[in-house]
Amino acid sequence: MNMIIKIKSLGEKLGFPWIVLSRNYSSGEATGHITDDPTKRICKIMMSCPTLALDTALDLNGVRISPEIVEDVLVRFKNAGMVAYRFFEWAGKQRNYTHSVKAYHAMIDSLAKIRQYQIMWELVNSMRTQRMQNMETFSIIMRKYARAQKVEEALYTFNVMEKYHCAPNLAAFNGLLSALCKSKNVRKAQEIFDKMKDHFEPGSKTYSILIDGWGKDPNLPKAREVYREMVDAGCIPDIVTYGIMVDVLCKAGRVDEGIEIVRGMVASGCMPTSFIYSVLVHAYGVEDRIEDAVEAFLEMERNGIKADVAVYNALIGAFCKVNKFKNVYRVLSDMKSKAVTPNSRTCNIILNSLIDRGETDEAFSVFRKMIKICDPDADTYTMMIKMFCERNQLEMASKVWKYMKLKQFIPSMHTYSVLINGLCENSNASKACVLLEEMVEKGIRPSGVTFGKELNSVYPPVV
């Protein structure tokens, strides 16, 4: 009950209406019994308890767990790897409980994110003894290695799969190529494809991954070359391939050429998806062709394709870019009338544009309104905290931070960094130090810039 009062009180100070809480707790449960929810009880303990004392605190609380509860907690604490691991270890010792594959995967993902690779592989070995490992286990590891630019380790993971009784197939091959392409290592992905394509039978998904990779490189001629190779190999492009080609062309500034592909699709009876139209609307927005963006949106509706939140976000982004905020709010009204719920991305597009224009009061007003209908993500909180820090309004930045924590949202490395940097720049080294310690304890590695600012704040350089 105290937690509800605290959130309500903080919400009122920030100007957040009580409706925010009614949205979260209106699914039939009385607000007075929020703490009876074992997941929320566990999260509250994990948010407030030092990592080393977590086992004892959980034991004393007497909470009973299930695979679903553990999975939910691990997802919520994905940005706090070592805290999550401590809970994972504690959960594994409880009576009548066994970790699910999903729990292992969530934990492997969190550990890889903070580069705790040794513990990560220990979990994989534990899965092997229970014969729980599968293709997704290794796909997660390949993605995380590639994202950390550990290309050879990603390839090693693919090659070692057979030793773990999980022989690599086309899905695993696609997973490796996708991991490399998404981490801007498309040349290595192409090299591996050229060497190993005879061991697998590449499908449209395989070629689409490479086309997308070259498009993001960006290298339009190479993307076209892979597309031609695909067709020459007798592999028929599917709707995903067409969507990627339209995206690649638009990002290369060939919007009209992308439109021609869409026209050809319609003429052949292959109706474009909402994703393809979102690409067109976004591309027109980038080029300040707002009339064309609106026309593409209307054409989609004329073709009987229902607009989803991604298309609406693209249209909102187009209006934001040309500073037509009245139109932005009209789009939001249209979404409401058509029962399309905005997401955190919707909020972030609007906030980012307003903050860039220096309209910080309006940004805060939008933030307060948007949290009634969608949950903020790490980017949302980071933007708001950074905005207040840059205006030297540390009290407001701290209030947003406290509200975020009471909502049991785990800050990302970037969210920690903007507040720590703001505190350091405003000569508040003691609070910054507390946050830095909390960050490290949760297993979140601070950036060199953040660590350096804290050191300079505590020990100013001698001039």
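Met82 sits in helix 6, where helices (H or I, at least four residues) and strands (E, at least two) are DSSP runs numbered from the N terminus. The model is a predicted one, so local features need pLDDT of at least 70 and side-chain atom pairs count only at pLDDT 80 or more, while totals for chains, interfaces and linings use all residues. Residues are numbered from 1 along each chain as its sequence is written, and side-chain values use heavy atoms, with hydrogens and water left out.

Back to Met82: its relative accessibility is 23%, which puts Met82 among the partly exposed residues. The labels work like this: buried is under 20% relative accessible area, exposed is over 50%, and partly exposed is in between (1.4 Å probe, protein chains only). Met82 also has a partner from far along the sequence, as Gly443 is 361 residues away in sequence but 4.8 Å away in space, C-alpha to C-alpha.

Helix 6 turns up again with the charged pairs. A salt bridge here is a side-chain nitrogen of Lys or Arg within 4 Å of a carboxyl oxygen of Asp or Glu, and by that rule the count is 27 salt bridges. One of them pairs Arg86 with Asp55, with 3.1 Å between the closest N and O atoms. This one links distant parts of the chain, since Arg86 belongs to helix 6 (residues 81–92) and Asp55 to helix 4 (residues 54–61), 31 residues apart. Arg86 itself is partly exposed, at a relative accessible area of 28%. Ala53 is found in the loop between helix 3 (38–48) and helix 4, and its C-alpha is 9.8 Å from that of Arg86, with 33 residues separating the two in sequence. Ala53 is partly exposed too, with 33% relative accessible area.

Another bridge brings together Glu299 and Arg263, at 3.2 Å from N to O. Glu299 is part of helix 18 (residues 290–302) and Arg263 part of helix 16 (residues 255–267), so this pair ties together parts 36 residues apart in sequence. The two ends get different labels: Glu299 is buried, at 15% relative accessible area, whereas Arg263 is partly exposed, at 40%. Salt bridges with shared partners also join Glu152, Lys188, Glu191 and Lys195 into one network. Within it, the side chains of Glu191 and Lys188 meet at 3.5 Å, N to O. Both residues belong to helix 12 (residues 186–196), where they are three residues apart, or about one turn of the helix. Glu191 is partly exposed, with 34% relative accessibility.

Some charges gather without such pairing. Lys78, Lys113, Arg147, Lys182 and Lys205 make up a patch of positive charge on the surface. Patches are built from residues with over 30% relative accessible area and no salt bridge, joining like charges within 9 Å and nonpolar side chains (Val, Leu, Ile, Met, Phe, Trp, Tyr) within 5 Å. Lys and Arg count as positive and Asp and Glu as negative, with His and the chain ends not counted; each charge is placed at NZ of Lys, CZ of Arg, CG of Asp or CD of Glu. The accessible areas come from the Shrake-Rupley method with a 1.4 Å probe, and for residues only the protein chains shown count as cover. Lys205, one of the patch members, is in helix 13 (residues 204–216) and is exposed, at 58% relative accessible area.

The cysteines are quickly dealt with. There are zero disulfides in the structure, a disulfide being a pair of cysteine sulfur atoms within 2.5 Å. Cys43 is buried, with a relative accessibility of 1%, and Cys49 is buried as well, at 17%.

A few backbone details are left. The peptide bond joining Asp217 and Pro218 is cis, with omega about -10°, and Pro218 is in the loop between helix 13 and helix 14 (220–232). Arg115 has a phi near 65°, a positive value in a residue other than glycine. Arg115 occupies the loop between helix 7 (101–113) and helix 8 (117–129) and is partly exposed, at 44% relative accessibility. Asp288 likewise is a residue other than glycine with a positive phi, near 60°. Its place is the loop between helix 17 (274–286) and helix 18, and with 41% relative accessibility Asp288 counts as partly exposed.
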